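Okay, everyone, thanks for coming. Let me put the structure up on the screen, and then we'll walk through a few spots together.

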Amino acid sequence: MGSWNDFNDAQSNTNLIPKGTLAKVRLTIRPGGFDDASQGWTGGYATRGSTGAVYLNGEFTVTEGQYARRKIFTLIGLHSPKGPDWANMGRSLVRGMLNSARGISDKDMSPEAQAARRINGFADLDGIEFVARIDIGTDASGDDKNEIRGAITPDHREYAQVMGAAPVAAAPSGAPDFASAAHQTAYEAQAPAPQGRPSWAD
């Protein structure tokens, strides 16, 4: 049988970016029109689902490299009627995104770093670029799909290369791999001292 009669040896067309891939991505929030000013959810960015869950509908576009222009769709949890876990995961992801986009070590608690982790509203996240670790999850049908669950900060040895930023101080040998802002350790990163006040801290 020829190759056009027997397809057992054809490659599976999963079209997935491999798990663990690091890529620079840009977040676009697809507006859901749900606001709750008491929570700081304004501008129509949040979406409220039929179960009562509230989230940001994130479209992450890979900006460069092998997978440039590929899109990954991930929900960023804001509230779940089932409990705080989903919102806590969403807050951890956003913290990691801000650290990554603004070049801040997760363990940096200086006033400048704390200012960098604050936003005026979800509009500040719309268009943000950071280094993501791409994961694989499942969709509502149980099929595999790419997801973004964590951001890479300057503590990671490949951050500067992927982000295209100036080289940062190398982490000591054996330093943990900050794969997800939700799974940080007590590692104290030796980040270089900031040079002047960054523009986003004003």
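Is Trp 41 buried or exposed? The answer is buried, because its relative accessibility is 9%, and the cut-off for buried is under 20%. One thing to keep in mind throughout: this is a predicted model.

Let's stay with the aromatic residues for a bit. Searching the whole structure turns up three aromatic pairs. One of them is Phe 34 with Trp 41: the ring centres are 6.5 Å apart and the planes sit at 50°, so we call that pair tilted. Phe 34 comes out at 23% relative accessibility, so it counts as partly exposed, whereas its partner Trp 41 is buried.

Another pair is Phe 60 and Phe 130. Here the centres are 6.0 Å apart and the planes make an angle of 85°, so this pair is edge-to-face. Now look at where these two come from. Phe 60 belongs to strand E4 and Phe 130 to strand E6, which covers residues 129-138, so the pair ties together parts that are 70 residues apart in sequence. Both of these Phe residues, 60 and 130, are buried.

While we're in strand E4, which spans residues 54-62, have a look at Thr 61. Thr 61 has a relative accessible area of 13%, so it's buried. Its side chain makes a polar contact with the side chain of Lys 71, at 3.1 Å. Leaving out residues up to four places away in sequence, Thr 61 touches Lys 24, Val 25, Arg 26, Arg 69, Arg 70 and Lys 71.

Notice Lys 24 in that list, since it takes us on to charged pairs. How many salt bridges does a search of the whole structure find? Eight. In one of them, the side chains of Lys 24 and Glu 129 meet, with 3.7 Å from N to O. That pair links distant parts of the chain: Lys 24 is in strand E1, residues 22-30, Glu 129 is in strand E6, and they're 105 residues apart. Lys 24 has 14% relative accessibility, so it counts as buried. Glu 129, at 25%, counts as partly exposed.

Next up is Arg 149 with Asp 135, another salt bridge, where the closest N and O atoms are 3.4 Å apart. This one also links distant parts of the chain, with Arg 149 in strand E7 (residues 144-152) and Asp 135 in strand E6, 14 residues apart. Arg 149 is partly exposed, because its relative accessibility is 42%. Asp 135 is buried, at 15%.

Then there's Lys 145 and Glu 147, a salt bridge with 3.6 Å between the closest N and O atoms. Lys 145 has a relative accessible area of 24%, so it's partly exposed, while Glu 147 is buried at 16%. And here's how those two bridges fit together: Lys 19, Asp 135, Lys 145, Glu 147 and Arg 149 are linked in a network of salt bridges.

Last stop, a loop. Where is Ile 104? You'll find it in the loop between helix H1, residues 85-102, and helix H2, residues 111-116. Even in that loop, Ile 104 counts as buried, because its relative accessibility is 8%. Its C-alpha atom is 8.9 Å from that of Arg 117, which is 13 residues away along the chain.

That's my tour, so over to you for questions.

Notes: Residues numbered from 1 in each chain as written. Predicted model: local features only at pLDDT ≥ 70, side-chain atom pairs only at ≥ 80, totals over all residues. Heavy atoms only, no water. Helix = DSSP H or I, 4+ residues; strand = E, 2+ residues; numbered from the N terminus. Buried < 20%, exposed > 50% of the residue type's maximum accessible area, 1.4 Å probe, protein only. Polar contact = N/O pair within 3.5 Å; in protein donor to acceptor, adjacent residues only side chain to side chain. Contact = heavy atoms within 4.5 Å. Phe/Tyr/Trp six-rings, centres within 6.5 Å; stacked < 30°, edge-to-face > 60°. Salt bridge = Lys/Arg side-chain N within 4 Å of Asp/Glu carboxyl O.
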